[in-house]
Amino acid sequence: QVQLREFGGGLVQAGDSLRLTCTASGLTADTYAMGWFRQAPGKEREFLAASAWSPSTAVVADSVEGRATVYRDNAKNELDLQMNNLSPEDTAVYYCATGDAVLRGIGTNWGQGTQVTVSS
């Protein structure tokens with residue numbers, strides 16, 4: 001059974017950086033793409049970034065291009081999301097997902113999410 005857990009959320013101030021970690025179990029992470037999404041109050045879930053098993057194959061959404069980077073550690077079955085220069089508009093629940101279509105912004109298996117709140 002696929003299980004995903006997110007870590008690293010919390011309360012930060014505008015301009016800060018944040019690094020989130022997703023740990024996967026129950027799957028062969030080195031053969032699955034992993035990605036990050038977020039959902040702000042009253043908005044639809046938004047794709048942020050994803051990485052295939054090869055670290056050189058990464059996709060970042062235009063909305064966070066230049067501020068978001070993903071780091072994959074296949075030995076640990078982890079995918080980190082580094083977000084820089086945060087603003088209150090980045091306040092959301094951040095989710096990790098896996099699946100064959102994650103690189104196209106579609107997740108199949110989801111974690112429970114971690115709340116990120118950015119104060120002004």
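Two strands are said to pair if DSSP finds at least two bridges between them. In this predicted model, such pairing offers a convenient way into the structure.

One set of paired strands is an open sheet of four, arranged in the order S1-S3-S8-S7, with antiparallel pairing. Its edges are formed by S1 and by strand S7 (68–73), each of which pairs on one side only. From one strand to the next, the twist averages 20°. As a general matter, the strands of a sheet pair through backbone hydrogen bonds, in either a parallel or an antiparallel sense.

Strand S3 may be followed to its two neighbours in turn. Towards the edge, strand S1 (residues 3–7) pairs with S3 over five bridges in the antiparallel sense. Within this pairing, Gln-3 has Ser-25 of S3 as its bridge partner. Strand S8 (residues 78–83) also runs antiparallel to S3, and six bridges join the two. Here Leu-18 has Met-83 in S8 as its bridge partner, while Arg-19 stands opposite Gln-82 in S8.

Strand S3 also takes part in a covalent link. A search of the whole structure finds one disulfide, which joins Cys-22 to Cys-96 with an S to S distance of 2.0 Å. The pair links distant parts of the chain: Cys-22 belongs to strand S3 (residues 18–25) and Cys-96 to strand S9 (residues 92–98), and the two cysteines are 74 residues apart. The torsion about the S-S bond of Cys-22 and Cys-96 is about -75°, and the disulfide is therefore left-handed. A residue counts as buried when its relative accessible area is under 20%. Cys-22 has a relative accessibility of 0% and so is buried; Cys-96 is likewise buried, because its relative accessibility is 0%.

The remaining topic is empty space inside the protein. In general, rolling a probe the size of a water molecule over the atoms shows where such space is left. The structure holds one cavity of 30 Å³ or more, and about 40 Å³ of space lies in the largest cavity. Which residues line the largest cavity? They are Leu-18, Leu-20, Leu-81, Met-83, Leu-86, Tyr-94 and Val-116. This lining divides into seven nonpolar residues, no polar and no charged ones. Strands S3 and S8 each supply at least two residues of the lining. Leu-18 and Met-83, both among the lining residues, are the bridge partners already met in the pairing of S3 with S8.

Note on methods: Residues numbered from 1 in each chain as written. Predicted model: local features only at pLDDT ≥ 70, side-chain atom pairs only at ≥ 80, totals over all residues. Heavy atoms only, no water. Disulfide = S-S within 2.5 Å. Buried < 20%, exposed > 50% of the residue type's maximum accessible area, 1.4 Å probe, protein only. 1 Å grid on protein atoms, 1.4 Å probe; cavity = no way out; pocket = protein on both sides within 12 Å on 5 of 7 lines; lining within 4 Å. Points joined across faces, edges and corners; volume = space filled by probe spheres on them. Nonpolar A, V, L, I, M, F, W, Y, C, P; charged D, E, K, R; others polar. Axes fitted to C-alpha atoms, helices over the stretch in contact; angles between N-to-C directions.
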